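User: Please take a close look at one part of this model for me. I would like to know how a single strand sits among its neighbours, and what lies around it.

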Amino acid sequence: MSTPVDTLSLLPGDSEPEGCDRADKGHGRGRVDAVNPNLVSVLRGPPPDKGDAPPGVVAADGSGAASRVRRACAACREGGELFPFTMAFQPIVDLQEGRIDAYEALVRGPANEGAAHVLGQVTPDNTYAFDQACRVKAIELAARLGIDRQLSINFLPNAVYEPKACIQTTLRAATRTGFPRDRLTFEILESESIADTAHLMAIISEYRRQGFKIALDDFATGYSGLARLAELKPDIIKVDRVLAQDCDKDRVRLAIIASLIALGTEIGVKVVIEGVEHASEVRALRSAGARFVQGFHFARPMFEGIARDSDIAWIDPGGAGAATGA
Ligand SMILES: [Ca+2]
């Protein structure tokens, strides 16, 4: 998913198309539970044995073999047998510059079915291949669509077996399509399933070495909190929509957001506010110093397409303007 499967770069999805942005994200832990119990077991289960993993995949502990890992690695190398899926793209906008800053890739079915439709087909045997395929699909589509901004891809660290080996397919896709590595951001969705901090740190270290940026998704909820921020030191934090919701009417929510923005400025981390749905929230967020925002107010995810700067429902700098679209 937007989950280790998410590693799935997957996760993003909107199983409730008429709902809020959260529905579109489709990668909350509870949502994953609802989507596919097998997937949840994959995401939450312990790392597989790595003993007789194929060449290029070396077990950290050198312990015994796991046929699942062999199959997973083989599937990643060979493309595997996967169900059809594709991506939608939702912009993250820069209020200060009045331009789209990035696009988040969100998994969809071939007929624009929501993420739940896709994730429901993920099983323990195809999780790794699916994760790899999501990355490749996102990069290929981004290149085809001419995306010249940052591309944000969801992933679940638990679907990465060995960072250096598992990233090869992604690197090849970037090279093949000409999409610059330094425009790739990987959003980490955290949950209690990511118990192995050393593994997570190894992934982040390798991804940074490759020029990727790291975002901490759903920040301020559950396990994606201040301790994780200090530990992982991401480039970006994406503040969960629960804080943006009605922030124009709730001074506590707005104060928390303002504090996170100040914190981001202090430590050099970009702060993105997710789930912005109303013009009144945009005005409040602007007053709190927010610069990077994402949500239905500005643009909904576009199936195999991208919104342009001129499509965005901007609000004038004085805050007097009104939403014009979305
Ligand atoms: Ca995300």
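Analyst: A residue is buried if 20 or more other C-beta atoms lie within 10 Å of its own. Keep in mind that this is a predicted model.

Start with strand β6, residues 184-188. By that cut-off, 5 of its 5 residues are buried, so β6 is largely enclosed by the rest of the structure. In a regular strand the side chains alternate between the two faces of the sheet. Strand β6 can be read that way: Leu 184, Phe 186 and Ile 188 point one way. Thr 185 and Glu 187 point the other way. All of them are buried, the charged Glu 187 included.

Which strands pair with β6? One is β5, residues 150-155. It pairs with β6 in the parallel sense, over 5 bridges. Within that pairing, Leu 151 stands opposite Leu 184 of β6. Another partner is β7, residues 213-219. Here 4 bridges join the two strands, and they too run parallel. Ile 188 of β6 stands opposite Leu 216 of β7.

Now look at Ile 214, which lies in β7. Its C-alpha is 7.3 Å from that of Ile 188, although the two are 26 residues apart in sequence. Ile 214 has 18 other C-beta atoms within 10 Å, so it is partly exposed. What does Ile 214 contact, leaving aside neighbours within four places in sequence? Two of its contacts, Phe 186 and Ile 188, belong to β6. The others are Ile 204, Tyr 207, Arg 208, Pro 234 and Asp 235.

Follow the pairing on from β7. It is joined to β8 by 3 bridges, and these strands run parallel. Ala 215 has Ile 236 of β8 as its bridge partner. Strand β8 covers residues 236-239, and both of its faces are covered. Ile 236 and Lys 238 are on one side, Ile 237 and Val 239 on the other, and all are buried.

Next comes β9, residues 270-273. It pairs with β8 in the parallel sense over 4 bridges. Ile 236 appears again here: its bridge partner in β9 is Lys 270. Ile 236 thus has bridge partners in both β7 and β9.

Turn from the strands to a pair of helices. Two packed helices are described by the angle between their axes and the distance between the axes. Helix α6, residues 127-144, packs with helix α8, residues 168-177. Their angle is about 15 degrees, and their axes are 9 Å apart. Angles under 35 degrees count as roughly parallel, and α6 and α8 are therefore roughly parallel to each other. Their crossing is right-handed. From α6, the contact uses Gln 132, Arg 135, Val 136, Ile 139, Glu 140 and Ala 143. From α8, it uses Thr 169, Thr 170, Ala 173, Ala 174 and Thr 177. By class, that contact has 5 nonpolar, 4 polar and 2 charged residues.

Two backbone details remain. Asn 112 has a phi near 70 degrees, a positive value in a residue other than glycine. It sits in the loop between β4 and α5. With 15 C-beta neighbours inside 10 Å, Asn 112 counts as partly exposed. Glu 304 also has a positive phi, about 45 degrees, although it is not a glycine. Its place is in the segment after β11. Glu 304 has 15 C-beta neighbours inside 10 Å and so counts as partly exposed.

Conventions: Residues are numbered from 1 along each chain as its sequence is written. This is a predicted model: local features need pLDDT of at least 70, side-chain atom pairs count only at pLDDT 80 or more; totals for chains, interfaces and linings use all residues. A residue is buried if 20 or more other C-beta atoms lie within 10 Å of its own, exposed if 12 or fewer, and partly exposed in between; C-beta atoms are placed from the backbone. Two strands pair if DSSP finds at least two bridges between them. Axes are lines fitted to C-alpha atoms, for helices over the stretch in contact, and angles run from 0 to 180 degrees between N-to-C directions. Angles under 35 degrees count as roughly parallel, over 145 as roughly antiparallel, 65 to 115 as roughly perpendicular and the rest as oblique. A crossing is left-handed if the near helix is turned anticlockwise from the far one by less than a right angle, and right-handed if clockwise. Two residues are in contact if their C-beta atoms, placed from the backbone, lie within 7 Å.
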